[in-house]
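Hi there,

Here is the structure I promised to pass along. Have a look at it first, and my notes follow just below.

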Amino acid sequence: MDHINTSQEQGSSLYRAYQIFSARQQYYLDRITPYTAGRWVAWGILVAMFFLRMFFLQGWYIVTYALAIYLLNQFIMFLTPKIDPAMQDYEEDGLSLPTRASEEFRPFMRQLPELKFWYSTLKALLFATFCTFFDAFNIPVFWPVLVLYFFLLFGVTMKKQIKHMIKYKYLPFSHGKTRYSGNSEAKISAK
């Protein structure tokens, strides 16, 4: 009986430690959420450090290739709308992107929001960096073939995504969209 109670206590203490870790992690994620530029600058520095490590070590090409494929997949999910207009023809539930200027404006909702995109790519980058400390992941390959294949895959995938964007007339970025500042007449008359 003592053995069962001990294992239950250990299980519950591990679960409690996991809960504390998760709460602390969520706290810090909530704190850095408003600092978009700072998060991406830090991410870019980590990517540069990872590639400098790969350059100086001259190895772990499979890890780098797997990271690049994962980042490409996450980027495509970031560019894709949550409700795919291609599937809208089959589902008539009223949720679609506006296609004419007279239709109601609906904000672009991503399949993968920016914070989740940043966080998932950060975790992948840290995991890939962790893998480079073990020789078991340093599989000898002819790396130029992997680079060529990645650029080929990137080109084909982005061509498909851009055609999808043109066909369904959506832009996943807010740079070129009109922004309204409010009723300027009400501000003038209030003075």
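Four helices, α2, α3, α5 (114-131) and α6 (143-168), each supply at least two residues of the lining of the largest pocket. Please keep in mind that this is a predicted model.

Which helix gives the most to that lining? It is α3, with seven residues. The largest pocket has a volume of about 590 Å³. Its lining is made up of 20 residues, and F51, T64, A68, V147 and F150 are the ones closest to the centre. Sorted by class, the lining holds 17 nonpolar and three polar residues, with no charged residues.

The other thing I wanted to show you is the loop between α2 (36-57) and α3 (61-79), where Q58 sits. W60 is found in that loop too. As general background, most residues other than glycine have a negative phi. Q58, however, has a positive phi, near 50 degrees, and the phi of W60 is also positive, near 55 degrees.

Are these two loop residues buried or exposed? W60 has a relative accessible area of 7%, so it counts as buried, the cut-off being under 20%. Q58 comes out as partly exposed because its relative accessible area is 48%, which lies between the 20% and 50% limits.

That is what I have for you on the pocket and the loop. Enjoy exploring the model!

Best wishes

Methods:
Residues are numbered from 1 along each chain as its sequence is written. This is a predicted model: local features need pLDDT of at least 70, side-chain atom pairs count only at pLDDT 80 or more; totals for chains, interfaces and linings use all residues. Side-chain values use heavy atoms; hydrogens and water are left out. Buried means under 20% relative accessible area, exposed over 50%, partly exposed in between (1.4 Å probe, protein chains only). On a 1 Å grid over the protein atoms alone, a cavity is a set of points where a 1.4 Å probe fits but cannot get out, and a pocket is an open set with protein on both sides within 12 Å along at least five of seven lines; lining residues have an atom within 4 Å of a point. Grid points are joined across faces, edges and corners, and a volume is the space filled by probe spheres set on the points. Ala, Val, Leu, Ile, Met, Phe, Trp, Tyr, Cys and Pro count as nonpolar, Asp, Glu, Lys and Arg as charged, and the others, Gly among them, as polar.
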